[in-house]
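Open the model in your viewer and set it to a cartoon view. This short tour tells you what to select at each stop.

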Amino acid sequence: MYIFSWMILSFYSAVDCVEIDPGSRFTLALLYKFGGIYIDTDIIVLKSFSKLRYVIGAQTIDLETGNWSRLNNAVLIFDKNHPLLYKFIEEFALTFDGNKCGHNCPYLVSRVVSRLGRRPGFNFTVLPPSAFYPLRQIQSRSLAVHLWNRQSRNLEVEKGSIISHIQSDCCIFCNSALSSL
């Protein structure tokens, strides 16, 4: 119970990463309490997530070993009360640092999963970067595209570009906004 009181007490604390961290703590708590699918708002979904359970996306892999080197919390798919989510919340409460962007989430996900390894009782799947972070090219197995808002927010989407095509094919909000013009 201390975890949820920690969230309420620390919500208004001053942090340098205010645009990232307060949302992360509530995302983890809501996902733990209710379960479901969480995706960042800068992600365009290409395919249904309906058959996925207990999923985290690998952001990068080690080219020598083929193992993930960094996970990310931009896509999380879990049932309620999943023990891995509880470990994420616990880590957030114990190691929160508002002066280190990324320390609280997404790096927190990598820290916790690294410590747990494949310990029994923590059933989850790490999908490869091509699932949610296809940086070089979108592949047939890509489920979504993370636009990395911090890096892309000032870029203009050019007509005919790959992002323009993805938006017109997959982005519900983009299509409805364009049709109202």
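Two strands count as paired if DSSP finds at least two bridges between them. Keep that rule in mind for the stops below. Note too that this is a predicted model.

**Stop 1: the whole chain.** Select everything. The protein has eight helices and six strands. Trace the elements from the N terminus: the order is α-α-β-β-β-β-α-α-β-α-β-α-α-α. Of the 181 residues, 39% are buried. Now switch on the surface. About 11000 Å² is exposed, and carbon and sulfur atoms supply 56% of that area. Contacts reach along the sequence as well: of those between residues at least 6 apart, 65% join residues at least 24 apart.

**Stop 2: strand β3.** Select residues 55-61. How many of the seven residues in this strand are buried? Five are, so the strand counts as mostly covered.

**Stop 3: β3 with β4.** Add residues 68-78, which form strand β4. β3 and β4 run antiparallel and pair over six bridges. Pick T60, then find its bridge partner in β4, R70. Next, look at the link between the two strands. β3 and β4 make a hairpin, with six residues between them. Click on G66 in the turn: its phi is positive, about 80°.

**Stop 4: β3 with β5.** Hide β4 and select residues 125-127, strand β5. In which sense do β3 and β5 pair, parallel or antiparallel? The pairing is parallel, over three bridges. Finish on I56, whose bridge partner in β5 is V126.

Key. Residues numbered from 1 in each chain as written. Predicted model: local features only at pLDDT ≥ 70, side-chain atom pairs only at ≥ 80, totals over all residues. Heavy atoms only, no water. Helix = DSSP H or I, 4+ residues; strand = E, 2+ residues; numbered from the N terminus. Buried < 20%, exposed > 50% of the residue type's maximum accessible area, 1.4 Å probe, protein only. Contact = heavy atoms within 4.5 Å. Areas by Shrake-Rupley, 256 points an atom, 1.4 Å probe, with all protein chains shown as cover.
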